[in-house]
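Trainee: I have a model and many labels to go with it. How does each label earn its name?
Mentor: Let's set values against definitions.

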Amino acid sequence: MYKEYDVLIIGGGPAGLAAGLYASRSKLKTAIIEERRKPGGQAATTMEMENYPGYPEATGPELMRIFAGHAEKFGCEFIKGAVKEMDLQNSPKIVKTKDGEYRAKAIILATGAEPRTLGLKGEGQFRGRGVSYCATCDADFYTDLDVIVLGNGDAAVEEAIYLTKFVNKVTIVVIHDEGKMDAAKVIQERAYANPKINFIWNSVIEEIQGDELVTGVIVKNIKTGEMTEVSADGVFIFVGTVPRSELVRDLVETTDRGYIKVDKTMETSLPGIFAAGDVTDKYLRQVVTACADGAIAATAAEKYIEEEEGFHRDVVESSMEKPVVVTFWSPAVEESMQIISLLEKYHADKDLKLVSIDVYKNYRISSRHAIKEIPTVTVFIRGEVTQRIDQPGEVEIKDLFSKNN
Ligand SMILES: Cc1cc2nc3c(=O)[nH]c(=O)nc-3n(C[C@H](O)[C@H](O)[C@H](O)COP(=O)(O)OP(=O)(O)OC[C@H]3O[C@@H](n4cnc5c(N)ncnc54)[C@H](O)[C@@H]3O)c2cc1C
């Protein structure tokens, strides 16, 4: 058994939640499949969320709770489970989790990203036993203890500041020269002013040490090569993220680093498969841009469904009973409107169906039929194009009716 939807969204982070809100508000039967216990994605793992417009004081988990409630209000369903398998080439698209199979007319991939791991000596061994990638999740385990933060971008420095609410001391290991970090200036200034934060400059972590739990790190100065042991109870690593595109790497076009390539409607290289948020190839990976992507993807998915269903119903299915004469037209091309009038004039006593397709509103159907000239008139019989006339005149239209009488 399977459940059917109009739109299925894989991933319940900000991109997926915004897509869920837009799709369900458009009256599409929509569900979000999320593998974690609660939706919210990476945004739900940070308490420092100062830049989502309209919510200057929000924490990540709180904002994500509001997002999820908003999508739910319009009827979006939530399915708990990790998507393991998909068949996206055919219609309907099929998505499988351990517990069930789901089918949909369009799919939005909003699987986001996960923390980059570095493969440092001890990193894997002590993951969850002193090595962490999420301050919100783990900060209180380190109350009054000393921790190291590796990384110097916005997320690293903001999370270091957040950790000072719990810990005794935070040491940020920075690869750059003294006073130089990748984080925004405003965030850097807050870190410099925080008495619980110290810095080790020009350095990387060579090894994470411990017995049962982390006891410290070996820091290497990249300028001098000097190794120093620094004792610590925890190591928080924030050195960027990697896209979670593993499910579709062989199915859709991605960059060398695995980010999914999309067009301006957030559609991937596979028709009807859209992607949104951090998993896509984009300039800025933030909550606000993830939301925008989700909104665009859902709107484009709606248009995709409308266009495909309309063409199937009005042209493919109808042509099983009688020939369908399709005019690819545009309100901007005067001649195309004249051709529609001519077709109506000569059609009166014929057992044919006339359909007009606006090439701009139906760009995918038009490009699939390689429409270059407007108007172009095609005849469909039993789902197949049997005749095509680019830019016909009155003579060709009369001739077309005599052939398909
Ligand atoms: C520590 C930290 C601090 C940050 N601070 C800020 C900030 O202050 N402001 C800001 O704007 N942005 C911030 N960001 C970035 C922001 O969180 C992301 O840009 C945003 O969450 C991306 O949203 P997304 O929906 O694309 O992906 P994600 O948030 O990554 O969500 C993807 C979801 O998909 C789910 N998923 C993945 N694969 C599957 C599968 N196969 N089956 C089912 N579910 C799946 C995941 O479990 C996850 O919930 C921060 C990020 C981090 C890590």
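**Labels and their reasons**

Mentor: Start with two helices. Helix α7 (residues 334-347) packs on helix α9 (residues 394-403) at about 35 degrees, with the axes 10 Å apart. This is a predicted model, where local features need pLDDT of at least 70, side-chain atom pairs count only at pLDDT 80 or more, and totals for chains, interfaces and linings use all residues. Numbering starts from 1 along each chain as its sequence is written.

Trainee: What makes α7 and α9 helices, and what do the angle and distance refer to?
Mentor: Helices are DSSP runs of H or I with at least four residues, strands are runs of E with at least two, and both are numbered from the N terminus. Axes are lines fitted to C-alpha atoms, for helices over the stretch in contact, and angles run from 0 to 180 degrees between N-to-C directions. The pair's values are thus an angle of about 35 degrees and a distance of 10 Å between axes.

Trainee: Is the crossing of α7 and α9 left-handed or right-handed?
Mentor: Right-handed. That word applies if the near helix is turned clockwise from the far one by less than a right angle, and left-handed if anticlockwise.

Trainee: Which residues make the contact?
Mentor: α7 brings I339, L342, L343 and Y346, and α9 brings E394, I397, K398 and F401. Contact requires C-beta atoms, placed from the backbone, within 7 Å.

Trainee: How many of them are nonpolar?
Mentor: The contact has 6 nonpolar, no polar and 2 charged residues. Ala, Val, Leu, Ile, Met, Phe, Trp, Tyr, Cys and Pro count as nonpolar, Asp, Glu, Lys and Arg as charged, and the others, Gly among them, as polar.

Trainee: What makes N202 stand out in its backbone?
Mentor: Most residues other than glycine have a negative phi, and most peptide bonds are trans. N202 is not a glycine, yet its phi is positive, about 50 degrees. N202 sits in the loop between β11 (197-200) and β12 (203-210). R382 also has a positive phi, near 45 degrees, and is not glycine. R382 lies in the loop between β20 and β21 (384-390).

Trainee: Why is N202 called partly exposed?
Mentor: Count the other C-beta atoms, placed from the backbone, within 10 Å: 20 or more is buried, 12 or fewer is exposed, and in between is partly exposed. N202 has 18, so it is partly exposed.

Trainee: And why is R382 called exposed?
Mentor: R382 has 10 such neighbours, so it counts as exposed. N198, in strand β11, has 11 and is exposed too. Beyond four places in sequence, N198 touches K169 and T171.

Trainee: Where are the cis peptide bonds?
Mentor: One joins S91 and P92, with omega about 0 degrees. P92 is in the loop between β4 (85-87) and β5 (93-96). Another runs from I374 to P375, with omega near 0 degrees. P375 is in the loop between α8 (363-368) and β20 (376-381).

Trainee: How do you know that β4 and β5 pair?
Mentor: Pairing needs at least two DSSP bridges between the strands. β4 and β5 are joined by 3 bridges and run antiparallel. M86 stands opposite V95. The two strands form a hairpin with 5 residues between them. Next, 4 bridges join β5 to β6, again antiparallel.

Trainee: What makes β12 and β14 edge strands?
Mentor: The open sheet has 3 strands in the order β12-β13-β14, with antiparallel pairing. β12 and β14 (227-231) each have a single partner strand, so one side of each has no neighbour in the sheet. The average twist is 25 degrees from one strand to the next. Between β13 (residues 214-221) and β14 there are 5 bridges.

Trainee: How many residues are in the largest nonpolar core?
Mentor: 55 residues. A nonpolar core is a set of buried Ala, Val, Leu, Ile, Met, Phe, Trp, Tyr and Cys residues joined through C-beta atoms within 7 Å. Those with the most contacts inside this core include V7, I107 and A19. The largest share, 9 residues, comes from α6. Apart from this core lies another, of 36 residues, among them I161 and V214.

Methods
Contact = placed C-beta atoms within 7 Å.
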